[in-house]
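User: Hey, got a minute to go through this one with me? I'd like to start with the ligand site.

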Amino acid sequence: MSIKILTNIPGPKSLELASRRSNSVAQGHGTVCNIYIAKGEGALLTDVDNNIFIDFAGGIGTMNIGHSHPKVIHAINNQVKNYLHTCFTVAPYESYIKLAEKLSSLAPINIPCKAAFFNSGAEAVENAVKIARSYTNRMGVLVFSDAYHGRTLMTMSMTYKEDPYKKGFGPFSPEVYRLPYPNNQNELNFDNTDFDAKNIACVVIEPVLGEGGFIPASKTKMIELKRYCEENQILFIADEVQTGFGRTGSLFAIEQFGIEPDMITVAKSIAGGLPLSGVIGKSEIIDSVHIGGIGGTYSGNPVACEAALAVLEIMAEEQLPKNANIIGETLRTRINSIIPKCPWIKEIRGMGAMIGIEIINDKTGEPDKERTNKIHQKALENGLIMITAGTFGNVIRTLMPLTIDKDTLHEGIDILVNAIIDH
Ligand SMILES: Cc1ncc(COP(=O)(O)O)c(C=O)c1O
């Protein structure tokens, strides 16, 4: 075990940037690590003071193919030589079409699909809701406890956690209803709901809760939910912004639940770090929107589309969904081995390499955010970048690149294990 003790965290250059930041950047834009990055390669990030970190956060799940993947850089460079942007609405280009074709053929939906592209995950979710409303002529949106769907008004209304995402930002969008997330613990019950099923346009659900704590939905309850949607002509939308692109052991997580969604939202790792998101869904549904009803100036930017096409090739060539399972198993084995001496680990859970480690106070059994933050800080000081999740902020989540090599993975896990044992 070679734990790197970095003595210089944050180093002088990072400190100087932090000081400039505090004078110029909105303080509402939080930060997880107090170091500033100069370079990224594979699963490693180097800061401005030349400290090297193993990245188990991957830009909150945007870097499944790793930092600076040569194929993505090549695709971007090729596009940059030709043009940067034209706006698909004004002067369209082939890469948008190619990506729509490719994603429509890969989506786990067995009838013809179409796609539309946007910039952020929130924008994709918001557009999926617009499309569902247009198709069904209904207004209601059904979401779940602990859900995270974004920061725009509509997606903030769909998001569960009050602080920091909603605090002081109301009033929220109406016609958003919520049920307990259908995991192994919660009941999925449609009696005595505060909504009329005939008014619900769509259900929007993360197959594994992301920000909500890396909790997978129960397969049987997802099947039940889908049945309820079919009985009531409600569209089923899988929000795969965080679960997407190989992270859970399949290209889309929903594949593992044995149900076919009507639409899927994608973002994050789709374009190897460039801002791109999309809605993929049954053609009849996607085409229910009138011409001009969806779009946006930068939606489906050509550089991002070329990057996404390269990402999809890399996913297949490097068998990244399979790697996700190997990474997840390696992590589970190591964490399970320390549970007997760390009673503050409540459980390790997740799908593929989307793993959450829940930390509690071993005396009270309550969520322990303070200990979780100490583990995070200790890991950072030893060269590991991680992020946390969960409504109580007490879940360590792993979003490392799926291209991470075995030695780097083990070194990162060593640092994590050491930080958990020590705190
Ligand atoms: C499941 C899910 N949906 C939507 C979003 C919003 O994506 P973005 O931050 O790109 O707007 C996120 C972001 O974390 C997410 O995890």
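**Ligand site**

User: Which residues are around the ligand?

Analyst: Around the ligand you have Ser120, Gly121, Ala122, Tyr148, His149, Gly150, Glu206, Asp239, Val241, Gln242 and Lys268, where being around it takes a heavy atom within 4 Å. Heads up: this is a predicted model, with local features needing pLDDT of at least 70 and side-chain atom pairs pLDDT 80 or more, while totals for chains, interfaces and linings use all residues. Numbering runs from 1 along each chain as its sequence is written, and side-chain values use heavy atoms, without hydrogens and water.

User: How does that shell divide by type?

Analyst: Three nonpolar, five polar and three charged, with Gly counted as polar and Tyr as nonpolar.

User: Ok, what does Asp239 do with the ligand?

Analyst: A polar side-chain atom of Asp239 sits 2.7 Å from a ligand nitrogen. That's a polar contact (N or O atoms within 3.5 Å). Gln242 puts a side-chain N or O atom 2.8 Å from a ligand oxygen.

User: And how much of the ligand gets buried?

Analyst: The protein buries 82% of the 400 Å² that the ligand exposes when taken alone, by Shrake-Rupley with a 1.4 Å probe.

User: Switching topic: where is Asp55?

Analyst: In strand β3, residues 52-55; strands are DSSP E runs of at least two residues.

User: What's the nearest side chain of opposite charge?

Analyst: Arg247, 8.9 Å away, and Asp55 has no salt bridge although it's buried. Buried is under 20% relative accessible area, and a salt bridge needs a Lys or Arg side-chain nitrogen within 4 Å of an Asp or Glu carboxyl oxygen.

User: Which backbone nitrogens does its side chain reach, then?

Analyst: The Asp55 side chain reaches that of Ala57 at 2.9 Å, and that of Gly58 lies 2.9 Å from one of its polar atoms.

Notes
Polar contact = N/O pair within 3.5 Å; in protein donor to acceptor, adjacent residues only side chain to side chain. Helix = DSSP H or I, 4+ residues; strand = E, 2+ residues; numbered from the N terminus. Buried < 20%, exposed > 50% of the residue type's maximum accessible area, 1.4 Å probe, protein only. Lys, Arg positive; Asp, Glu negative; His and termini not counted.
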